[in-house]
Amino acid sequence: GHSARDVYRLLATEGIEIEAKGIAVGVRLEHPAELIDRIQYHNPNGRGAYLPAAEYSFVTQADGRGVYSFCMCPGGFVVPAASGPEQIVVNGMSPSNRGSRWSNSGMAVEIRPEDLSNRKEFGSLVEGGCEHPALQMMRLQEQLERLCWLQGNQKQTAPAQRMADFCNRRLSSSLPESSYVPGLIASPLHFWLPPFVSNRLSQGFRQFGKSSHGFLTNEAVMIGVETRTSAPVRIVRDRDTLQHIRLQGLFPCGEGAGYAGGIVSAGVDGERCAEAVKAFLETKR
């Protein structure tokens, strides 16, 4: 859906109306599951034999943009999710038993299309422009993913940094054991991530550490990069008919079209679009 970059480029080439859409980018943050259990259950013994692996949800504002946890995976794994060559993308998952020794979550910073005009904050990631203005957020994703691949020794080994080291702008001399199977390599994420992202992540982590004692720790590791939180493009549709603003019978729908942010919201939008298609077909009888 929201990673079908060939479709977005096709739409741009054919002159079909699309627009750049805000996204959020960041990292996967992984803690020992036992530590998250102790923090969330306020119990030095963790969750015990009967309680489920603990979850968390954080959100704050940093310099006018949202910083938040995303797709938290208790007792889960960090997994590679690249969809093409020369890119590293990470995501998270939990098995049904929530039984791994780690818990992870996306930690993302909100970025709006107008933010990319700040060359000081984004540097070479936005230099040279892109083939179509509506694809500028997608280009940012691609550039970050390739930069991450370069930092990962041009393999699927992911660049990583301990959480407190990141906030203190120190390279991690060692990394904790991780669920990420391809492996990790120590890297100064605080240095090569765009300042727009790294500075806000650091502020957010410090805030989360204040509200949840023990969360900001060097036992946690940040793994780069998480860029596929939502679609970077919106296929423009009419608010009432849900059809494309120019092409009759085309119903942009769900997350890939830029009208949802996850499984549930995509399902709801799909139901709305199905009803709109039905109404449209009835007018053609």
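Two strands are taken to pair if DSSP finds at least two bridges between them. In this predicted model, strand β8 (residues 158-162) meets that condition with β9, the two pairing in the parallel sense over 3 bridges. Within this pairing, Pro159 has Ile185 of β9 as its bridge partner.

These two strands belong to a wider arrangement. An open sheet is formed by 7 strands, and reading across it gives the order β3-β4-β7-β2-β10-β8-β9, with mixed pairing. The edges are taken by β3 (59-62) and β9 (184-186); each has a single partner strand, so one side of each is left without a neighbour in the sheet. On average, and with direction ignored, neighbouring strands of the sheet are turned by 35 degrees against each other.

Helices pack on this sheet as well. Helix α2 (residues 33-41) touches β2 (23-32) and β7 (102-111), and its direction makes about 95 degrees with that of β2. Helix α7 (residues 195-211), for its part, lies across β2, β3, β4 (65-73), β7 and β10 (221-226). Relative to β7, helix α7 runs at about 130 degrees. Both β2 and β7 are thus named among the contacts of α2 and among the strands that α7 lies across.

Turning to the surface, Ile263, Val264 and Val268 make a nonpolar patch of about 350 Å². One of these residues, Val264, lies in helix α8 (residues 263-283). Val264 has a relative accessible area of 65% and therefore counts as exposed, the cut-off for that class being over 50%.

Note on methods. Residues are numbered from 1 along each chain as its sequence is written. This is a predicted model: local features need pLDDT of at least 70, side-chain atom pairs count only at pLDDT 80 or more; totals for chains, interfaces and linings use all residues. Side-chain values use heavy atoms; hydrogens and water are left out. Patches are made of residues with over 30% relative accessible area and no salt bridge: like charges are joined within 9 Å, nonpolar side chains (Val, Leu, Ile, Met, Phe, Trp, Tyr) within 5 Å. Accessible areas come from the Shrake-Rupley method with a 1.4 Å probe; for residues, only the protein chains shown count as cover. A salt bridge is a side-chain nitrogen of Lys or Arg within 4 Å of a carboxyl oxygen of Asp or Glu. Helices (H or I, at least four residues) and strands (E, at least two) are DSSP runs, numbered from the N terminus. Buried means under 20% relative accessible area, exposed over 50%, partly exposed in between (1.4 Å probe, protein chains only). Axes are lines fitted to C-alpha atoms, for helices over the stretch in contact, and angles run from 0 to 180 degrees between N-to-C directions. Contact means heavy atoms within 4.5 Å.
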